[in-house]
Amino acid sequence: MAPDFKFVDETTGISTQDQAYERALADSLQCYYRGAEFDFNISSRTQQGACQKACGMVFIRLYHTADVGLLINDQTCMTTCPQAEEGLWRLTEWRILRSVPPAQAEEGFEGATWGEARRRKWEKNYCDPS
């Protein structure tokens with residue numbers, strides 16, 4: 001993730017720009033959700049200057065328990081750019097364009113958007129405050 005990483009969720013209007021904020025959010029999500037599976041099905045790639053943009057569907061399964069959680073299907077675009085000083089590619093933007101209902105309902109798992117998953121983590125914090 002690039003230091004100036006930008007996250008935009010067009011479905012909720014959420015927009016952030018800061019690697020530190022997103023890392024802190026990811027850490028707090030680990031306290032609320034017990035695990036996650038992630039898959040990205042790329043449908044198009046484009047070159048934008050030195051950067052590459054890949055768009056498609058992101059599929060996320062977030063677990064509260066082994067058999068209860070959220071299913072997220074979002075149409076998204078992710079942009080990566082080379083960081084010359086390090087010779088590495090960094091994620092510079094993740095943009096959610098729209099949410100798609102899960103193709104098949106699963107017992108114990110509810111369909112949700114990534115924006116909803118981010119909001120729900122505030123409902124109950126499983127982290128030990130000590």
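**Exercise 1. Find out whether Glu 106 is buried, partly exposed or exposed, and which residue it pairs with.**

Let's work through it together, keeping in mind that this is a predicted model.

Step 1. Glu 106 has a relative accessible area of 32%. Partly exposed residues fall between the 20% and 50% limits, so Glu 106 is partly exposed.

Step 2. Now look for its partner. Glu 106 forms a salt bridge with Arg 61, and their closest N and O atoms are 3.0 Å apart.

Step 3. Place both residues in the chain. Glu 106 sits in the loop between strand 6 and strand 7 (109-112), while Arg 61 belongs to strand 4, so this salt bridge ties together parts that are 45 residues apart in sequence.

**Exercise 2. Arg 61 also meets Glu 37 in a salt bridge; work out where the two residues lie and how accessible each one is.**

Step 1. Begin with the distance: from N to O, the side chains of Arg 61 and Glu 37 are 3.6 Å apart.

Step 2. Glu 37 is found in strand 3 (residues 35-48) and Arg 61 in strand 4, so the pair joins parts 24 residues apart in sequence.

Step 3. Check the accessibility of each. Arg 61 has a relative accessible area of 19%; buried means under 20%, so Arg 61 counts as buried. Glu 37, with 43%, is partly exposed.

**Exercise 3. Trace the salt bridge between Arg 95 and Glu 10, then name the network that includes them.**

Step 1. The closest N and O atoms of Arg 95 and Glu 10 are 3.1 Å apart.

Step 2. This pair links distant parts of the chain: Glu 10 is in the loop between strand 1 and strand 2, Arg 95 is in strand 6 (residues 88-99), and 85 residues separate them.

Step 3. Both residues are partly exposed: Arg 95 has a relative accessible area of 21%, and Glu 10 has 45%.

Step 4. Add Glu 93, and you have the network of salt bridges: Glu 10, Glu 93 and Arg 95. In total, the model has four salt bridges.

**Exercise 4. Describe helix 1: what is its span, which residues are buried, and what do they pack against?**

Step 1. Helix 1 covers residues 19-32, which is 14 residues. From first C-alpha to last it reaches 20 Å, close to the expected 20 Å.

Step 2. Its buried residues are Gln 19, Glu 22, Leu 25, Leu 29, Cys 31 and Tyr 32.

Step 3. A helix has 3.6 residues a turn, so residues three or four places apart point the same way.

Step 4. The buried residues of helix 1 pack against strand 1 (6-9), strand 2 (14-17), strand 4 (51-65) and helix 2 (114-120).

Conventions: Residues are numbered from 1 along each chain as its sequence is written. This is a predicted model: local features need pLDDT of at least 70, side-chain atom pairs count only at pLDDT 80 or more; totals for chains, interfaces and linings use all residues. Side-chain values use heavy atoms; hydrogens and water are left out. Helices (H or I, at least four residues) and strands (E, at least two) are DSSP runs, numbered from the N terminus. The expected span of a helix is 1.5 Å times one less than its number of residues. Buried means under 20% relative accessible area, exposed over 50%, partly exposed in between (1.4 Å probe, protein chains only). Contact means heavy atoms within 4.5 Å.
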